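Thanks for sharing this one. Here are a few friendly notes to read alongside the model.

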Amino acid sequence: MGMDQKQDVVRLPAERLYAEELEALKKLDQDAKPAGWQLSPKAVLTFLTGGQIKGVTITPKYIGNKRLVEMAIATLLTDRALMLIGEPGTAKSWLSENLTAAIHGDSGKVIQGTAGTSEEQIRYSWNYAMLLAQGPSDQAIIKSPIFRAMETGGIARFEEISRCASEVQDALISILSEKTISIPELAREVSAVRGFSIIATANTRDRGVNDMSAALKRRFNIIVLPSPSDIETEVEIVRKRVSEISASYQLRASLPEEDAVLKVVTIFRELRSGMTLDGKEKVKGTSGVISTAEAISLLTGSMALAGSFGSGQISDEDIAAGLQGAIVKDEEKDRLVWKEYLENVMKKRGSTWRNLYFACSEMNK
């Protein structure tokens with residue numbers, strides 16, 4: 001793909017976004033590589049958590065508990081599949097994508113779980129025009145991402161598995177147990193090449209996440225990804241992702257000041273936890289989860305407002321507009337919760353919060 005065409009892509013997959021880092025790691029990686037892996041486990045860990053390797057800086061892709069990342073990598077060294085569980089915004093999909101990019105250089109074999117996901121999308125389907133014309137054949141098979149990963153010894157990603165019907169989830173059991181896909185129409189089986197695995201993600205706030213069968217759960221090593229443990233970690237995550245996303249969209253605005261990021265993260269953490277950060281006052285929660293991912297989207301949207309309709313510097317009015325959209329989802333209840341927070345918490349925080357308080361109050365009239 002030429003440079004001009006590459007620049008027109010809205011979102012690059014991780015293996016292209018961090019292609020230079022992956023190439024540097026491949027050249028410098030002296031440790032043993034498992035079958036089918038392009039990097040050693042230690043190099044995969046460095047790619048995900050960041051560091052220096054012989055003068056090359058590797059940026060952190062996942063900011064959080066390093067031990068959880070080590071456990072995820074170790075799981076993929078065995079014949080066990082990996083499931084990442086957490087609330088919205090805990091970087092489940094981001095970790096899944098970057099793990100796959102680091103290990104195989106291809107994060108694109110993805111099934112997006114929905115209520116309409118069918119068993120055919122997990123196994124295979126047919127090009128019915130070819131099927132009618134010449135009968136069952138290899139050429140007429142439409143291979144699922146899992147099928148293609150099995151053939152190549154790659155990793156398939158199954159996003160939001162808990163949103164699928166139970167019979168669709170259970171179609172995975174034989175694949176994970178036998179490491180084969182049976183094609184009765186061709187009287188043969190496809191066996192997985194060494195290195196094949198599946199990384200699934202599940203949202204703890206989705207109804208149905210606990211309805212997965214015990215048989216399916218046993219086929220996964222389950223790792224629970226927590227929300228950022230402290231405000232400093234969350235601020236770092238938000239700043240890093242806003243910088244990366246805004247660069248890809250070429251927004252004509254300056255990155256948010258540290259103070260703006262800190263205020264947004266503070267508001268989100270307090271509304272999530274039901275308590276002010278100093279522990280002195282209880283706060284009513286909103287109807288939805290206001291996650292780290294939404295804080296990132298809010299600030300990216302504020303940059304778009306500032307770049308297109310403002311001075312290019314994010315204003316309190318830009319942030320207030322984003323906060324209103326992120327917090328007030330269930331119109332009446334959330335509007336009252338937000339108003340109470342503004343009057344009981346934000347208004348009392350003094351001069352550094354005054355302009356944001358007035359801007360938010362104006363939006364929430």
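**Notes on the sheet and its surroundings**

1. Let me begin with one strand pair: β4 runs parallel to β7 (residues 155-159), and three bridges join the two strands. Within this pairing, valine 110 sits opposite arginine 157 of β7. Please keep in mind that this is a predicted model.

2. The pair belongs to a wider arrangement. Five strands make up an open sheet with parallel pairing, ordered β4-β7-β10-β3-β11. At its edges are β4 (110-112) and β11 (220-224), each of which pairs on one side only. On average, neighbouring strands in this sheet are turned by 15° against each other, direction ignored.

3. Which strands does helix α6 touch? Helix α6 (residues 92-104) packs on the sheet and touches β3 (81-86), β7 and β10 (197-203). The direction of α6 makes about 170° with that of β7.

4. Helix α9 (residues 145-152) also packs on the sheet, where β4, β7 and β10 are the strands it touches. Here the angle between the direction of α9 and that of β7 is about 160°.

5. Now to a residue in another element: arginine 16 lies in helix α2 (residues 14-17). Its relative accessible area is 27%, so arginine 16 counts as partly exposed, since that class falls between the 20% and 50% cut-offs.

6. You may also like to look at arginine 16 together with aspartate 106. Although these two are 90 residues apart along the chain, their C-alpha atoms are separated by 9.3 Å.

How values were computed: Residues are numbered from 1 along each chain as its sequence is written. This is a predicted model: local features need pLDDT of at least 70, side-chain atom pairs count only at pLDDT 80 or more; totals for chains, interfaces and linings use all residues. Side-chain values use heavy atoms; hydrogens and water are left out. Two strands pair if DSSP finds at least two bridges between them. Helices (H or I, at least four residues) and strands (E, at least two) are DSSP runs, numbered from the N terminus. Axes are lines fitted to C-alpha atoms, for helices over the stretch in contact, and angles run from 0 to 180 degrees between N-to-C directions. Contact means heavy atoms within 4.5 Å. Buried means under 20% relative accessible area, exposed over 50%, partly exposed in between (1.4 Å probe, protein chains only).
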